[in-house]
Amino acid sequence: MPDNTAPHLALSDSAARQLANATKTVAQMSTITPRWLVRFLQWVPVEAGIYRLNRVRRPEDVEVACPPRGEGDLPLTFVDYEESPREYFLSSVSAVLDVHTRVSDLYSNPYDQTEEQLRLLIESIKERQEGELVNNLEYGLLTNASPEQRLSTRTGAPTPDDLDELLTRVWKEPAFFLTHPAAIAAFGRECTRRGVPPPTISLFGCQFLTWRGLPLVPSDKVPVLDGVTKVLLLRVGEARQGVVGLYQPGLPGERGLGLSVRFMGISRNAIASYLISLYCSLAVLTPDALGVLDDVEVGKYHDYGHTYAASPATLKASGRRGRAAR
């Protein structure tokens, strides 16, 4: 058959690309999030993986006096402690990474294959860590909210009134709201409906919606079930008797707060193994440091009518025509 390909007058693009070096990215992972909760918390180092939370028993029984000038008797009192305080034990999020030595030896330019595998696996472990901080059945925020610190929405959708009511539960130096991004969007719709768009604030180089000066922090780890989620309000820090994160310092192979990477050896199949472990927990120091708004519906939308008010000029002209007709 005749060759219908026209002769080249110069080197073609496809041939030239064989000698060119492509600029490559590292592997991208769509499940990585900013993990704002981890950033906003204060993290407290613990010894031996145990954190004992001591509280005052019956603080309302402590008597003090403000006597008038004179020599009257002062009240005799003392501050009692709980005899069996709660102890928090660090839990782990772990995985074992396997990398064939042939892969790491031959294909580690320009990116180290082992380090890239570790980076992506560590990101996945940190995502799970934030999920446990919210949902863990032992120490998670949703589990440890006191019944008297929980309330439900008035109409389903999260309104300014609901968040104001939540602020009455955590009124001592509240730090931030935490909820699913869909709930923040639903709250924004309710604010728009009422003509009170929430202002924004810049934190960590990003913009956050705020209410009463407190940022609404998004996290996809707050569950949404059948279109219903929750809004949490936290006070943070040991000095404020708030919510604190717990971690173990000084781990072998430490790569971050409570994060350890340890080489486990090479098998007879030439596969190198690495143990990645992250040790963490969370403690609510006093019950009023955490409040939860339940039954938050995220699927409600408002139908605005497509009508427009007449301009002042139009109203003025109409008035003139009316007077002329009379």
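Q: In which strand of this predicted model is the place of tyrosine 81?
A: The model is a predicted one. Tyrosine 81 falls within residues 80-81. That run of residues is strand 4.

Q: Is tyrosine 81 buried or exposed?
A: The relative accessibility of tyrosine 81 is 55%. A residue is called exposed over 50%. Because its value lies over that cut-off, tyrosine 81 counts as exposed.

Q: Which residues make the nonpolar surface patch of about 280 Å²?
A: Tyr81 contributes to this nonpolar patch on the surface. The patch, of about 280 Å², is made by Tyr81 together with Val56 and Val79.

Q: Is cysteine 191 buried or exposed?
A: Cysteine 191 has a relative accessibility of 0%. The term buried applies under 20%, so cysteine 191 counts as buried.

Q: How many disulfides does the count come to?
A: A disulfide is a covalent bond between the sulfur atoms of two cysteines. The rule applied here asks for a pair of cysteine sulfur atoms within 2.5 Å. By this rule, the count of disulfides is 0.

Q: Which strands are the edge strands of the open sheet with the order 7-17-12-8-11-10-9?
A: The sheet is formed by 7 strands with mixed pairing. An edge strand here pairs on one side only. This applies to strand 7 (150-152) and strand 9 (200-203).

Q: Which residue in strand 11 does threonine 210 stand opposite?
A: Strand 10 (residues 206-211) pairs with strand 11 (residues 214-218) in the antiparallel sense, over 2 bridges. The residue of strand 11 opposite threonine 210 is proline 215.

Definitions and conventions
Residues are numbered from 1 along each chain as its sequence is written. This is a predicted model: local features need pLDDT of at least 70, side-chain atom pairs count only at pLDDT 80 or more; totals for chains, interfaces and linings use all residues. Side-chain values use heavy atoms; hydrogens and water are left out. Patches are made of residues with over 30% relative accessible area and no salt bridge: like charges are joined within 9 Å, nonpolar side chains (Val, Leu, Ile, Met, Phe, Trp, Tyr) within 5 Å. Accessible areas come from the Shrake-Rupley method with a 1.4 Å probe; for residues, only the protein chains shown count as cover. A salt bridge is a side-chain nitrogen of Lys or Arg within 4 Å of a carboxyl oxygen of Asp or Glu. Helices (H or I, at least four residues) and strands (E, at least two) are DSSP runs, numbered from the N terminus. Buried means under 20% relative accessible area, exposed over 50%, partly exposed in between (1.4 Å probe, protein chains only). Two strands pair if DSSP finds at least two bridges between them.
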